[in-house]
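Let's take a walk through this structure together. Have the sequence and the 3D view ready, and we'll go from the chains down to the strands and helices.

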There are 2 protein chains.
Amino acid sequence: MATYSIGVDLGGTNLRVAAVSEQGLILDKVCIPAVFKAGPERVVSDIVTIITTIRSRIGLSGLRGVGIGVPGFIDMNKGVVVGSANLPGFQGFPVRDAIQKILGTTIVLENDANAAALGEMWIGAGRDVKDLILITLGTGIGGGIVVGGRVLHGFLGMAGEIGHMTVYADGNPCGCGNCGCLEKHASATAIAAMGRMMHFGDDITAEGVYELASEGNERALLIFRSMGRALGVALANLINIFNFPLYLLTGGPLPAWDMFAPTMFEEVRTRSFTFTRNGTRIEKAVLGGDAGLYGAAYLPFQTISNREVAAAVL
Amino acid sequence: MATYSIGVDLGGTNLRVAAVSEQGLILDKVCIPAVFKAGPERVVSDIVTIITTIRSRIGLSGLRGVGIGVPGFIDMNKGVVVGSANLPGFQGFPVRDAIQKILGTTIVLENDANAAALGEMWIGAGRDVKDLILITLGTGIGGGIVVGGRVLHGFLGMAGEIGHMTVYADGNPCGCGNCGCLEKHASATAIAAMGRMMHFGDDITAEGVYELASEGNERALLIFRSMGRALGVALANLINIFNFPLYLLTGGPLPAWDMFAPTMFEEVRTRSFTFTRNGTRIEKAVLGGDAGLYGAAYLPFQTISNREVAAAVL
């Protein structure tokens, strides 16, 4: 029978689980509200229940494994969440082993932004490359770096903190201790903060600023031009450092592309001779909120393939 | 018999060639003035003559190949220099194939900063890691990025342009078209330029500024503190992006370490929570001007090992 894997997306407010074929087709999908407050045991129990249901519907024999995208830093060797602002109760909890023990299949944990980058490479905007960087614009700014088809983890799983790249050495202060972090100048939160600076009201949101800009409000458009410049500084740095063929943007502010992209490209062209010399692409990601789910599902296929290589070499 | 490889360093004013054992011991070494002005054919002929001499002294059978470090961008597939400010005549010249045809052994071309990073990993300050970034402080600032023991090339061999990372969005203008490039604030050239700003004379050099600082000249010390801050901004960015265990500095200004390192570390601590959370190291490289020569010699060992893996898998 055809093989498949199961991807789990633990991000945000929902727990989403999908069975995906080796060709990237969704065979089954379940979405329930995530009850993070009830603790990791409960979440693990929910995951196991859903996967068991899906397995009984699709079949046991074809399952290659389960990939789980988590909003936090992962110790890849131990399969443990070592840091997460969104999942405080998961700190140090052996997520991988707890699920593996019950299900008896390969379980791979991955940071959600990294999983999203993998997903875009597998069946999204990066299908034609093996090296790409995905930048996720949200409350903060996250990043996933894929080198030669594999996630760049760094020695403690903390690589890809693109949101905390300094774009303006004396820019807005950030909770991380730095000033001028990209996410303080280009995230949805930063857009809303600039909206308040522009006297759009204390409860203005990034969406609200976008609506005003869509109506031609010049001050709102200025905010997106400012956001684009900050993104351009960061992207030029990444292009000069990595010389990758593809950089993708995703997240809530993406519909404002036409508002922020002109200044973004202007900065990139000015600040990166690598960009102007070759065919580097900066594009919209295409999988949206499903990228992490697809990427999570891709993880078991990749891990098995690793083992096959190792077995062949040894 | 024991195997060895030959490293060639085409950088600067000299052409240096060394036979190196698999354990990293220099078995033979030749250094002659490089005659780049006479064109690539002449340089290739010099390289071939020296290698032939070395082979006749050490023995033909043990040679694994020749690695050549070149100050320019390399098309790794074609073995061609595609861009070099220092070797204008080499543009598009098939260096690899020209030498390979005569010597009949594996020839690997590599950018000199990348080769230096590999050398430090092989037998220098990075012997205990497989992921590191080397920053070379000179007339400009170059960089070599090693991921999993291999050089990060990017899709056109232009990765590692760390000298053109923006550290101050409105900083000093750079010939590349950008403002605030790291190398305009922290290279030997930048140190000399700041010396002129401090009225140390029109012909002040980086060494001259260093001597003044060594004598306690407060304005000269200020220059190194400024240089350290720029380096700190760049290093914090790299640490947030890569989460590598080791970042190395090398080049002429290294003796001024005690003058620039305090502000450098201060910036890194402020700007990178990744740095403060774990045991990331920023250290002096130890091989100095020989790093590129060792790294070039390491290339054939690495290439052969690649092929062995491929042969075993296929």
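Turn chain B by 180 degrees, with 0.0 Å of shift along the rotation axis, and it superposes on chain A with an RMSD of 0.0 Å. Keep in mind that this is a predicted model. In general, a rotation about an axis and a shift along it relate two copies of a chain. Here the two copies are therefore related as by a two-fold rotation axis. They also use the same surface: of the contact residues of chain B, 100% turn up again in chain A.

Now zoom in on chain B. What is the order of the five strands in its open sheet? Reading across, you meet E3-E2-E1-E4-E7, and the pairing is mixed. Strand E3 (26-33) and strand E7 (107-111) of chain B sit at the edges, so to speak, each pairing on one side only. On average, neighbouring strands of the sheet are turned by 15 degrees against each other, if you ignore direction.

Look next at strand E4 (residues 63-70) of chain B: five bridges join it to E7(B), and the two run parallel. For one spot to find on screen, try Gly69(B), which stands opposite Glu110(B) in E7(B).

Two helices of chain B go with this sheet, and here is how they compare with E7(B):

| Helix (chain B) | Strands involved (chain B) | Angle to E7(B) |
|---|---|---|
| H2 (residues 95-103) | touches E4 and E7 | about 155 degrees |
| H3 (residues 112-123) | lies across E1 (4-9), E4 and E7 | about 100 degrees |

Helix H2 of chain B packs on the sheet, while helix H3 of chain B lies across its strands E1, E4 and E7.

Key. Residues are numbered from 1 along each chain as its sequence is written. Chains are lettered from A and ligands numbered from 1 in the order in which they are written. This is a predicted model: local features need pLDDT of at least 70, side-chain atom pairs count only at pLDDT 80 or more; totals for chains, interfaces and linings use all residues. Two strands pair if DSSP finds at least two bridges between them. Helices (H or I, at least four residues) and strands (E, at least two) are DSSP runs, numbered from the N terminus. Axes are lines fitted to C-alpha atoms, for helices over the stretch in contact, and angles run from 0 to 180 degrees between N-to-C directions. Two residues are in contact if their C-beta atoms, placed from the backbone, lie within 7 Å. Copies are superposed by least squares on the C-alpha atoms of residues with pLDDT of at least 70 in both.
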